[in-house]
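Biologist: Hey, can you pull up that model and walk me through it? I'm new to this, so plain words please.

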Amino acid sequence: MSERIESPEFDPQIQRDVHDCRIVIDRDLCVGFGDCIEEAPDAFDLDEDGIAVLTNPEAASRSRVLDACATCPVDAITVYEDGVAIIP
């Protein structure tokens with residue numbers, strides 16, 4: 001079942017519109033494995049709490065960013081396209 005995004009808040013480190021998608025990191029789910037960083041080191045990093053944040057996803061290709069989001073083992077990164085979740 002598809003989930004529509006309905007969030008008025010916008011913090012560019014945890015959600016950002018890039019490559020015609022919105023990427024959202026759930027800071028409560030992220031445990032800092034860093035799989036996203038391995039896949040797209042320009043796009044993601046860990047903050048001082050060891051939680052993933054968006055850094056410069058515009059510098060990585062769309063496919064690399066989407067692959068990085070999909071590698072999250074705890075599904076802490078959601079990607080929306082046209083308001084519909086496409087990852088996870």
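**A chat about the fold**

Modeller: Let's start with helix α2 (residues 62-70), which lies across β2, β5 (77-81) and β6 and runs at about 135° to β5. Axes here are lines fitted to C-alpha atoms, for helices over the stretch in contact, and angles run from 0 to 180 degrees between N-to-C directions. Contact means heavy atoms within 4.5 Å.

Biologist: How many helices and strands does the chain have?

Modeller: Two helices and six strands. They are DSSP runs, numbered from the N terminus: H or I over at least four residues for a helix, E over at least two for a strand. Along the sequence the pattern reads β-β-α-β-β-α-β-β.

Biologist: Is this predicted, and how are things counted?

Modeller: This is a predicted model, where local features need pLDDT of at least 70, side-chain atom pairs count only at pLDDT 80 or more, and totals for chains, interfaces and linings use all residues. Residues are numbered from 1 along each chain as its sequence is written, and side-chain values use heavy atoms, with hydrogens and water left out.

Biologist: What pLDDT does the chain average?

Modeller: The average is 91, and 89% of the residues score at least 70. pLDDT is the predictor's confidence in each residue, from 0 to 100. Over residues 1-6, though, pLDDT stays under 50, and the model has 14 contacts beyond four places in sequence for that stretch.

Biologist: Back to the strands. In what order do the four strands of the open sheet come?

Modeller: The order is β1-β2-β5-β6, with antiparallel pairing. Two strands pair if DSSP finds at least two bridges between them.

Biologist: Why is one side of β1 and of β6 left without a neighbour in the sheet?

Modeller: β1 (15-18) and β6 (84-87) stand at the edges with a single partner strand each, so one side of each has no neighbour in the sheet. The twist from one strand to the next averages 30°.

Biologist: How many bridges join β1 and β2?

Modeller: Four, in the antiparallel sense, with β2 covering residues 21-25. Q15 has V24 in β2 as its bridge partner.

Biologist: And what do β5 and β6 form?

Modeller: A hairpin, with two residues between the strands; D82 in the turn has a positive phi of about 55°. β5 and β6 pair over three bridges, antiparallel too, and V79 has I87 in β6 as its bridge partner.

Biologist: Last one: what share of the residues is buried?

Modeller: 38% of the chain's 88 residues count as buried, meaning under 20% relative accessible area (exposed is over 50%, partly exposed in between; 1.4 Å probe, protein chains only).
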